[in-house]
Amino acid sequence: MSVRLRLDKPWRPLTPEEAARLPGQLGVYQIADAEGAILYIGQAGGRSPFGLRSELVREAEERGPGRQFRVEVNMQYRSRWFELLMVHKADHGALPPDNAKNPPPLGRLSPA
Amino acid sequence: MDFEPSEEQQLLIDQVRRFVREEIIPLEAKLDPDAAELEPADHARLVEKTKAMGLFGIDIPKQYGGPDIDIVTRVLLAIEMAQHRAGLYVPCYGTFGGAGLAQIFEANEDQKERYLYPTLRGEKKAFFGLTEPSGGSDPARAIQTKAERRDNGWVLNGAKIFISNADRAQYGIVFARTDASKGRAGITCFIIDSDTPGFHVRRVVHTLRSSHYATELEFKDCWVSDHQVLGEVNKGFAVANDRLTRQRIPYAAGCIGVAIAAHEMAIEWAKMRSTFGEKLANRQAVQWMLVDNEIDIRTARHFTLEAAEKARRGLPFKIEASIAKLTASEGGGRVVDRSMQIHGGMGMTKDLPLERWYREMRIRRVGEGPSEVQRMVIAREILGSNLR
């Protein structure tokens, strides 16, 4: 049984057009700068009108050019979101900068 | 036995019911449908309310500063506290306090000072580490985590899985094998601080409950002193068994609460919704589903209160607790399923709480001892304990 803790898909340019191609499903996503440094880990939850698509379109409009994203469709979006945040903290010693501004209650993981 | 609430119990039931309807449900409407936590400010405000109601720390015995609530009343209140979207696993979002399975009332005075009292005051959180990758239904045989005597203490090596809150807790109670030759008489319970070298929370375990996750733990040459043994060496299985048996009663009550909420929604929908020119409530197929809901709820309620009453009177209640857990988890699942069917397409959406209850209620047939183990416990009781 293999368990994939980290999101390792290729980055895609964060533009409204690219985001509009996404499915309207629930899931998690990451936003990075042009070099691939993660800025934010988000979730498209049950109250997102069009799931990942509407969340990423909003992110693209708010953040402007020069950003990248990747997504994972996942019905367990909340526990996966917590997991990605904890793994990031374990890997980098801190949350992504835009999550650190308003951190959710998190535990600690020490992934092998 | 008469299970009608007394006047005093009814006052408490009404109080908790109002709290759920006026405080919890309006806040919940603004949260993600799978949320398991209130905003911190809302949580703090509601904790003050439950304190003012005299119901904070609802599971804490009176001698430790908890409210003086017997287990029958506790069941009646648990049924009310579960009647909202997150209510099955996070009744009232924890605003009534409590430490669940990890409350260590059998601890010695030193351990109580270090762990129990801070937990009861809400300063520390704890986890309950029993289940292992080798199995959870038969912990006496499945426990492979070893604790070996070394340097005036114990060294733990092994793994645990499906452990809730281990990533956020300051300590946990962990069961390990201290004598491989003795089966259930070779298990010891340890109190493990989360910052002990060799203790690791390795990963999140995702389940049907998107709102919450379990964790997988690893113990790698994790040394603890003799002061961390809870109770006596090789008598840890009794600690686990006591909690698992007791937990079955409130566990059943939560299932009943959610079943009642789903059933009430189905009744309202059936009275309102028309198909082919007729209210659903006038169709025999729907009426029979509602009748079956009512029977499942009443059956589970009767057996759960019977188990609680026996526990309250200090009588053996193991078989009754198993019957309660079995009827409430299986019956509750059927009630939610029928209620979704009555709601049609709307029942499948995240607009309503039914789909969350459906996923979470499914876990209840496995958690805290699966239905098959409950039937085994009952079979042993009625056929004799020597049955193999």
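Ala32(A) stands opposite Gln68(A) of strand β4(A), and this pairing is a convenient way into the predicted model. Gln68(A) has a partner in another strand as well, for Pro13(A) also stands opposite this residue of β4(A). The strands β1(A) and β4(A) are joined by two bridges and run antiparallel. Strands β2(A), residues 27–32, and β4(A), residues 68–73, are likewise antiparallel, and six bridges link them. Within this pair, Val28(A) has Glu72(A) of β4(A) as its bridge partner. Seen as a whole, the sheet of chain A is open and has four strands, ordered β1-β4-β2-β3 with antiparallel pairing. Its edges are β1 (12–13) and β3 (38–44), each of which pairs on one side only. As a reminder, strands of a sheet pair through backbone hydrogen bonds, either parallel or antiparallel.

Two helices of chain A lie across this sheet. Helix α2(A), spanning residues 51–63, lies across β2, β3 and β4 and runs at about 20° to β2(A). Helix α3(A), spanning residues 77–92, lies across β2 and β3, with an angle of about 165° to β3(A).

Chain A also meets chain B, in a contact that takes 21 residues from chain A and 17 residues from chain B. On the chain A side, 10 of the residues are nonpolar, six are polar and five are charged.

Turning to chain B, three domains can be followed along the chain: domain 1 (7–102), domain 2 (126–230) and domain 3 (238–383). The centres of domain 1 and domain 3 of chain B, taken over C-alpha atoms, are separated by 20 Å. Their contact draws 19 residues from domain 1 and 23 residues from domain 3. The domain 1 side of this contact is made up of 12 nonpolar, two polar and five charged residues.

The largest nonpolar core helps to fill in this picture. It has 65 residues, of which Val75(B), Ile249(B), Ile256(B), Val258(B) and Ala262(B) touch the most other members. Helices α1 (7–28), α3 (71–81), α6 (236–272), α7 (284–312), α8 (318–343) and α9 (354–364) of chain B each supply at least two residues of this core. The greatest contribution comes from α6(B), with 14 residues. Both domain 1 (7–102) and domain 3 (238–383) of chain B give residues to this core, so it lies between them. Val75(B) offers a view of the packing: leaving aside residues up to four places away in sequence, this residue touches Ile249(B), Pro250(B), Ala253(B), Thr304(B), Leu305(B) and Ala308(B). Another core, of 63 residues, lies apart from the largest one, and its members include Ala19(A), Val71(A), Leu116(B) and Ile187(B).

Helix α3(B) deserves a closer look. The helix is largely enclosed by the rest of the structure, because 11 of its 11 residues are buried. Among the buried residues are Val75(B) and the charged-side-chain residues Arg74(B) and Glu80(B). The cover over the buried residues of α3(B) includes α1, α6 and α7 of chain B.

A strand of chain B is enclosed in a similar way. Six of the seven residues of β5(B), residues 187–193, are buried, so this strand is largely enclosed by the rest of the structure. Strand β5(B) pairs with β4(B), residues 171–177, in the antiparallel sense over seven bridges. In that pairing, Ala176(B) has Thr188(B) of β5(B) as its bridge partner. Strand β5(B) is also joined by two bridges to β8(B), residues 229–230, and these two strands run antiparallel. Here Cys189(B) stands opposite Leu230(B) of β8(B).

Finally, two loop residues of chain B call for a note on backbone geometry. Most residues other than glycine have a negative phi, and most peptide bonds are trans. Phe276(B), although not a glycine, has a positive phi of about 50°. This residue sits in the loop between β9 (274–275) and β10 (278–279) of chain B. With 5 other C-beta atoms within 10 Å, Phe276(B) is exposed. Glu368(B) also has a positive phi, near 55°, and is a residue other than glycine. Its place is in the loop between α9 and α10 (371–383) of chain B. Glu368(B) is buried, however, with 22 other C-beta atoms within 10 Å.

Note on methods
Residues are numbered from 1 along each chain as its sequence is written. Chains are lettered from A and ligands numbered from 1 in the order in which they are written. This is a predicted model: local features need pLDDT of at least 70, side-chain atom pairs count only at pLDDT 80 or more; totals for chains, interfaces and linings use all residues. Two strands pair if DSSP finds at least two bridges between them. Two residues are in contact if their C-beta atoms, placed from the backbone, lie within 7 Å. Axes are lines fitted to C-alpha atoms, for helices over the stretch in contact, and angles run from 0 to 180 degrees between N-to-C directions. A nonpolar core is a set of buried Ala, Val, Leu, Ile, Met, Phe, Trp, Tyr and Cys residues joined through C-beta atoms within 7 Å. A residue is buried if 20 or more other C-beta atoms lie within 10 Å of its own, exposed if 12 or fewer, and partly exposed in between; C-beta atoms are placed from the backbone. Domain bounds come from an automatic or database domain assignment.
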